[in-house]
Amino acid sequence: MEGNDGDDQIYIPQVVDDRKPKVGMEFSSLEEAFLFYNQYAREAGFSARMSTSKKNKITNEVVYKKFVCFKEGQTDKMRATRDVKCDHPITERARSDIRTGCKSHISLVKEQTGPNWVISNIMDSHNHTLSTPSKVHLLRSHRHISTAKKALTKQFSEANLPTSQQMRIFEIEYGGPERVGCTEKDLRNYDQQLRDELKGIDAETLIEFFASEKEKNSAFFFDYETDSENRFSRCFWADHVSRRANIVFGDVVVFDTTYNTNKYGLIFAPFVGVNHHHQTIVFGCGFLSDEKTDSFVWLFNKFIDAMPRGAPNVIITDQDLAMTKAIAQVFPNTVHRYCLWHILNKFPEKLNPLTFRDHYQSIKNVIANSTTPDEFEKSWEDVIKSANLENNDWLSLMYELRQKWVPAYFSHVFCAGMSSSQRSESSHAFFKKVISNKNSLIDFIIRFNRALRHLRHNELAADHVDINEHPRTKTNWPMEIQMVKVYTKKKWLEFQSEISDSHSYYVQQASVQDDLVIYNVMKFQSSSSSKSRLLTHDKQKDYISCSCRKFEFEGIPCRHMLAFFRITQVFHLPEQYILKRWTRDAKVGGNYVLGEDQLSINDPNKFLMSRLSRLSYKASLVIDDASLTDEGTSFLEEQLNCIHNKIRDMNISKTCSIGSQRKNSMDGTLGVIDPSLVRTKGCGKRLKSSKEKTISKSRLCRGCGHRGVSHDKRNCPILQQRSTIDDHDNSDDDTNEEDLASRVLTCLRINESTQTKMIMIGVQRWSNSIFELSTQLYPAYFLPLAAC
């Protein structure tokens with residue numbers, strides 16, 4: 001009977017007599033014999049393992065085998081306590097002794113005249129407590145990760161599902177942890193085993209995967225390079241879906257690099273853009289071992305080779321010198337833009353906190369609201385003078401590079417409404433949800449493709465919405481009724497917003513120059529800050545353009561143009577103002593064909609979860625009915641054993657054929673070595689102290705721009721110091737206090753660090769005697785004051 005799970009009772013197993021090993025029992029193989037003995041061990045409450053064997057001295061064939069209890073023998077004390085010569089202490093795992101010298105075993109000998117194995121000796125007594133049925137599933141020989149579980153574990157890992165959650169799923173599927181057949185630790189060990197198997201062949205496996213994708217679809221493109229040591233250094237790949245999308249949506253490309261995507265530190269470099277729903281799409285991806293100009297030149301050349309339309313019209317990147325040189329060399333006719341968002345984020349670092357607080361918004365308005373280069377240059381000069389920033393080296397450099405990042409210089413160029421590389425940044429954040437710096441290269445590709453399929457399904461869902469849903473119109477204007485059937489839903493909502501806003505504007509003719517008519521477009525209730533827009537109508541070409549450049553930059557007619565159409569009674573939007581890439585029919589046409597999906601129907605892992613659930617359900621019904629009687633139970637056991645043996649033989653033969661094919665494929669590779677660990681930009685920064693980490697996590701003061709503990713705009717010492725100085729200027733204090741405040745301001749101009757400012761505030765509040773004492777205590781901060 002089954003005893004209590006505690007230690008107060010000894011469990012005495014009850015094993016059916018025909019399942020006990022007996023002397024003279026025969027087995028066709030050692031595997032069959034061990035399966036029988038291990039099943040007996042499970043019912044008896046112990047774990048079995050293989051032990052010693054003997055070989056025939058003439059034929060070198062195994063003729064004797066011994067199966068023992070897992071507690072047989074003793075721990076090797078000599079090996080456990082031996083001294084190891086090394087200079088550092090050895091960290092030992094906290095492992096307990098398991099073996100107790102148990103003598104339980106069975107011995108098997110092989111027949112001299114046949115292939116069978118016969119039990120020759122049995123010892124069935126144990127010197128330890130046997131496990132109860134509720135704990136026997138935790139013993140080593142009774143824990144096994146089946147082939148189905150291994151396949152499911154791989155799929156769960158591809159979906160970035162943690163091992164603990166994988167175990168919970170198995171527990172729900174099988175009805176409890178004791179029925180899973182393995183523990184969470186076994187799953188973790190299997191995951192580590194998979195990682196170890198890829199050591200040394202990771203790059204070769206990646207190349208083999210790319211080659212297999214090329215065999216499935218000839219439109220798949222990939223290439224790679226190795227260094228002088230034949231070590232994998234860089235690669236580029238693009239599938240047929242990405243290459244096909246480039247035909248229609250490859251006019252504007254956003255390129256950026258990101259880190260921490262694989263265990264080698266290789267730099268992940270995707271090329272992304274936007275589709276007709278303004279969703280992110282991927283044109284191609286690369287791995288780089290460095291960010292030098294040569295690496296970018298190689299990657300950009302592969303991009304041109306892979307993409308049907310070649311070089312893009314516009315490429316948006318971060319402000320990187322090596323990247324800029326490579327783009328100028330490979331894409332000479334492409335408009336290269338720097339990310340505006342990254343540049344604006346650098347202003348707090350490059351400007352004095354007080355200057356940033358007082359003048360940043362004015363500088364930003366000049367950048368964003370200037371419509372022409374001349375207007376920007378004049379406004380920039382005025383705002384820089386007012387902020388006393390003529391000598392700021394970084395602003396001077398940015399002004400020299402203004403044609404690459406100021407919107408006024410490329411507002412006439414179609415950029416699909418993108419002014420920064422945040423489209424690429426958002427894609428990095430999306431992909432990093434399923435990848436990490438622990439992934440091997442092949443793990444990365446598998447997880448990346450799964451995430452990419454999810455990304456592409458969003459486009460499919462948006463297409464479905466356009467086909468089956470019809471947005472509502474707000475007016476009966478024929479142009480609105482026309483375009484609701486043309487634009488995608490995303491672009492239609494933008495266009496409808498422009499139509500609504502156009503009713504707030506009126507149009508006045510300003511001048512006539514030959515075939516050109518100039519109109520002023522203004523708001524009915526315009527404020528002093530609102531700007532009038534200029535519409536230019538070319539009568540000869542019958543084309544209008546607006547000074548806001550929205551149509552040229554985004555591809556959607558602006559509210560000013562729509563106001564002109566309404567007043568001039570243009571009821572339908574002319575074709576030259578409809579950009580096909582924003583319409584529902586953007587992908588319609590003979591050019592949007594490049595390869596077809598060729599999925600492998602015979603993939604053994606395909607639909608594994610659904611097959612497992614279906615079989616588990618049917619098996620549970622059969623077990624429920626058979627377990628009602630002894631006859632039914634015996635019959636089902638016999639049939640299951642027969643079925644199991646047949647299925648096992650089928651799987652073994654199929655596994656052998658797949659393994660031989662993989663071996664032949666691997667033999668044909670070039671022996672590419674895995675990449676070395678890459679040191680990317682910024683990886684060698686110094687370690688921060690706990691105080692610095694605390695300050696970096698503290699709140700940002702909106703008064704001075706600095707961070708600090710218990711420091712915000714309400715108690716900002718810099719603002720208080722300025723307020724105190726203003727009070728001194730308006731008071732009739734004595735000459736000593738005015739002189740002290742003057743010296744404080746002088747020191748602030750000499751050293752603007754946060755600590756100096758804090759000390760200067762204390763100086764302003766104290767008397768001259770305290771100032772002299774502080775000079776002695778803090779000479780590094782106060783000597784400049786003494787000199788003044």
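Of the 788 residues in the chain, 40% are buried (under 20% relative accessible area; exposed is over 50% and partly exposed lies in between, with a 1.4 Å probe and protein chains only). What you have open is a predicted model, where local features need pLDDT of at least 70 and side-chain atom pairs count only at pLDDT 80 or more, while totals for chains, interfaces and linings use all residues. Residues are numbered from 1 along each chain as its sequence is written, and side-chain values use heavy atoms, with hydrogens and water left out.

**Whole chain**

Switch to cartoon and colour by secondary structure: there are 28 helices and 16 strands. These are DSSP runs numbered from the N terminus, helices being H or I with at least four residues and strands E with at least two. Now put a surface on. The accessible surface comes to about 45,300 Å², and carbon and sulfur atoms own 51% of that (Shrake-Rupley with a 1.4 Å probe; for residues, only the protein chains shown count as cover). If you like contact maps, look off the diagonal: of the contacts with a separation of 6 or more, 62% are between residues 24 or more positions apart, a contact being heavy atoms within 4.5 Å.

**Aromatic stop**

Hide the surface and show the rings. A search of the whole structure turns up 47 aromatic pairs. For a pair, ring centres of Phe, Tyr or Trp (its six-membered ring) must lie within 6.5 Å; planes under 30 degrees apart are stacked, over 60 edge-to-face, and the rest tilted.

Select Phe210 and Phe222. This pair is tilted, with 5.4 Å centre to centre and 40 degrees between the planes. Phe210 belongs to helix H6 (residues 202-216) and Phe222 to strand E6 (residues 221-226), so the pair links distant parts of the chain, 12 residues apart. Phe210 is buried at 3% relative accessible area, whereas Phe222 is partly exposed at 23%.

Next, pick Phe268 and Phe444. How are these two rings arranged? They are edge-to-face, 5.1 Å centre to centre with 70 degrees between the planes. Phe268 sits in strand E9 (residues 267-274) and Phe444 in helix H16 (residues 441-468), so the pair ties together parts 176 residues apart in sequence. Both Phe268 and Phe444 are buried.

Now select the whole group: Phe209, Phe210, Phe220, Phe222, Trp237, Phe268, Phe287, Phe444 and Phe448 form one aromatic cluster. Both pairs you just visited are part of that cluster.

**Charges over rings**

Go to Lys54 and Tyr64. The charged end of Lys54 sits over the Tyr64 ring, 5.3 Å from its centre (the rule: NZ of Lys or CZ of Arg within 6 Å of the ring centre and within 35 degrees of the ring normal). Then jump to Arg581, which lies over the face of Trp582 at 4.6 Å from the ring centre.

**Salt bridges**

Which charged pairs are worth a click? The structure holds 28 salt bridges, each a side-chain nitrogen of Lys or Arg within 4 Å of a carboxyl oxygen of Asp or Glu.

Start with Glu184 and Arg188, whose closest N and O atoms are 2.6 Å apart. Both lie in helix H5 (residues 184-197), four residues apart, or about one turn. Glu184 is partly exposed at 22% relative accessible area, and Arg188 is partly exposed at 42%.

Move on to Lys491 and Glu494, a salt bridge with its closest N and O atoms 3.1 Å apart. They are three residues apart in helix H18 (residues 489-502), again about one helical turn. Buried or partly exposed? Lys491 is buried, at 2% relative accessibility, while Glu494 is partly exposed at 24%.

Stay on H18 and select Glu498 with Arg559: the closest N and O atoms of this salt bridge are 3.1 Å apart. Arg559 lies in helix H20 (residues 559-567) and Glu498 in helix H18, so the pair ties together parts 61 residues apart in sequence. Arg559 is partly exposed at 24% relative accessibility, and Glu498 is buried at 6%. Widen the selection to Glu498, Asp501, Lys550, Glu554 and Arg559, which salt bridges with shared partners join into one network.

**Last stop: a nonpolar patch**

Bring the surface back and select Ile643, Ile647 and Met650. They form a nonpolar patch with about 290 Å² of accessible area together. Patches are made of residues with over 30% relative accessible area and no salt bridge, with like charges joined within 9 Å and nonpolar side chains (Val, Leu, Ile, Met, Phe, Trp, Tyr) within 5 Å. Ile647 lies in helix H22 (residues 630-667) and counts as partly exposed, at 41% relative accessibility.
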